Each structure stands twice: as C-alpha cells, then as structure tokens.
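Please go through the local geometry of this protein. Backbone outliers, cysteine pairing and a few side-chain environments are of interest.

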Amino acid sequence: AGFKLDETRKFCRPICSNGCGMNSRHNCTEPEVCGCAKGYLLTNDGCVAACDPDCGDGGECREPNLCYCRPGYELKDGVCQRDCYQ
C-alpha cells in the first residue's frame with residue numbers, strides 16, 4: 001500500500017495522491033510525503049540547491065555543491081571570499 005509499479009515494471013515508487021507540484025526537483029519520497037531530490041533542500045520557496053560548505057556572503061549556490069561568486073569575490077576552499085588587493 002502507498003506504492004505503485006514504475007513504467008519499467010521493476011521498481012515500486014511511492015504515491016503522493018495530491019502530487020508534489022510542477023518542479024521536477026520536488027518529488028514524492030515516501031507515500032504521501034513530498035521532498036526534494038538529492039542535493040536540494042526544501043524551503044518556503046521550494047527546492048533549492050544545497051552547498052556544503054555554504055558559499056558565503058559573496059556567493060550563491062545554484063547547483064548542488066557548486067558555488068557561483070559575485071563580482072569582487074573569488075572561490076577559495078569552496079567558499080566565495082572577497083578579493084583583497086594591497
């Protein structure tokens with residue numbers, strides 16, 4: 001109960017009778033429980049990419065564990081840090 005056979009007829013997938021929305025990153029992870037695909041976190045805005053460590057004040061996590069740094073910042077040790085010139 002709570003699962004259905006997938007289109008390959010080899011695996012069972014959980015059923016969420018109300019669906020989980022249109023975002024492909026938000027899916028049914030357990031019967032009647034919607035969650036996010038691996039590498040994403042559920043927030044009030046839906047599923048967003050997760051980076052570990054956090055990208056820092058000068059960065060944005062757009063894809064799982066991939067930080068994009070804003071102008072004036074560069075990626076150092078996985079975190080966006082301000083460029084400092086002397």
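Glutamate 32 is partly exposed, because its relative accessible area is 49% and the exposed class begins over 50%. The model is predicted. Glutamate 32 sits in the loop between β3 and β4. Its phi is positive, about 65°, although the residue is not a glycine.

**Backbone exceptions**

Most residues other than glycine have a negative phi, and most peptide bonds are trans. Arginine 9 departs from the phi pattern: its phi is positive, about 65°, and it is not a glycine. Arginine 9 lies in the loop between β1 and β2. Its relative accessible area is 63%, so arginine 9 is exposed.

Asparagine 65 also has a positive phi, about 55°. Asparagine 65 is in the turn of the hairpin formed by β7 and β8, with two residues between the strands.

Which residues are joined by a cis peptide bond? Aspartate 52 and proline 53 are, with omega about 10°. Proline 53 belongs to the loop between β6 and β7.

**Disulfides**

How many disulfides does a search of the whole structure find? The count is six. With the bonded cysteines numbered in sequence order, the pairing reads 1-3, 2-4, 5-6, 7-9, 8-10, 11-12. Cysteine 12 is in no disulfide. The nearest cysteine sulfur belongs to cysteine 28, 13 Å away. Cysteine 12 is exposed, because its relative accessible area is 56%.

Three of the disulfides are set out here.

| Disulfide | S to S | S-S torsion | Handedness |
|---|---|---|---|
| Cysteine 16 and cysteine 28 | 2.1 Å | about 85° | right-handed |
| Cysteine 55 and cysteine 67 | 2.0 Å | -90° | left-handed |
| Cysteine 69 and cysteine 80 | 2.1 Å | about -85° | left-handed |

Take the link between cysteine 16 and cysteine 28. The pair joins distant parts of the chain, 12 residues apart. Cysteine 16 is in the loop between β2 and β3, while cysteine 28 is in strand β3. Is cysteine 16 buried or exposed? Cysteine 16 is buried, because its relative accessible area is 14%. Cysteine 28 comes to 22%, so it counts as partly exposed. The torsion about this S-S bond is about 85°, so the disulfide is right-handed.

Next comes the disulfide of cysteine 55 and cysteine 67. Here too, distant parts of the chain are linked, 12 residues apart. Cysteine 55 sits in the loop between β6 and β7, and cysteine 67 sits in strand β8. Both cysteines of this pair, cysteine 55 and cysteine 67, are buried.

The third entry joins cysteine 69 and cysteine 80. Cysteine 69 lies in strand β8 and cysteine 80 in strand β10, so the disulfide ties together parts 11 residues apart in sequence. Cysteine 69 is at 28% relative accessibility, so it counts as partly exposed. Cysteine 80 is at 4%, so it counts as buried.

**The β7-β8 pair**

How do β7 and β8 run? They run antiparallel, joined by four bridges. Glycine 59 stands opposite cysteine 69 in β8. Cysteine 69 thus has two partners to inspect: glycine 59 opposite it, and cysteine 80 through the disulfide.

**Side-chain environments**

Aspartate 6 lies in the loop between β1 and β2. Its relative accessibility is 8%, so aspartate 6 counts as buried. Which side chain does the side chain of aspartate 6 meet in a polar contact? Threonine 8 supplies the partner side chain, at 2.7 Å. Beyond its neighbours within four places in sequence, aspartate 6 is in contact with Phe11 and Arg13.

Glycine 35 belongs to strand β4. At 11% relative accessibility, glycine 35 counts as buried, because the limit for that class is under 20%. Residues up to four places away aside, glycine 35 touches Arg25, His26, Asn27, Thr29 and Cys47. Arginine 25 is 10 residues from glycine 35 in sequence, and their C-alpha atoms are 8.4 Å apart.

Now the rings. The structure holds zero aromatic pairs. A charge does sit over a ring, however: the charged end of arginine 62 is over tyrosine 68, 4.6 Å from the ring centre.

Methods:
Residues numbered from 1 in each chain as written. Predicted model: local features only at pLDDT ≥ 70, side-chain atom pairs only at ≥ 80, totals over all residues. Heavy atoms only, no water. Buried < 20%, exposed > 50% of the residue type's maximum accessible area, 1.4 Å probe, protein only. Polar contact = N/O pair within 3.5 Å; in protein donor to acceptor, adjacent residues only side chain to side chain. Contact = heavy atoms within 4.5 Å. Phe/Tyr/Trp six-rings, centres within 6.5 Å; stacked < 30°, edge-to-face > 60°. Lys NZ or Arg CZ within 6 Å of the ring centre and 35° of its normal. Disulfide = S-S within 2.5 Å. Pairing = 2+ DSSP bridges.
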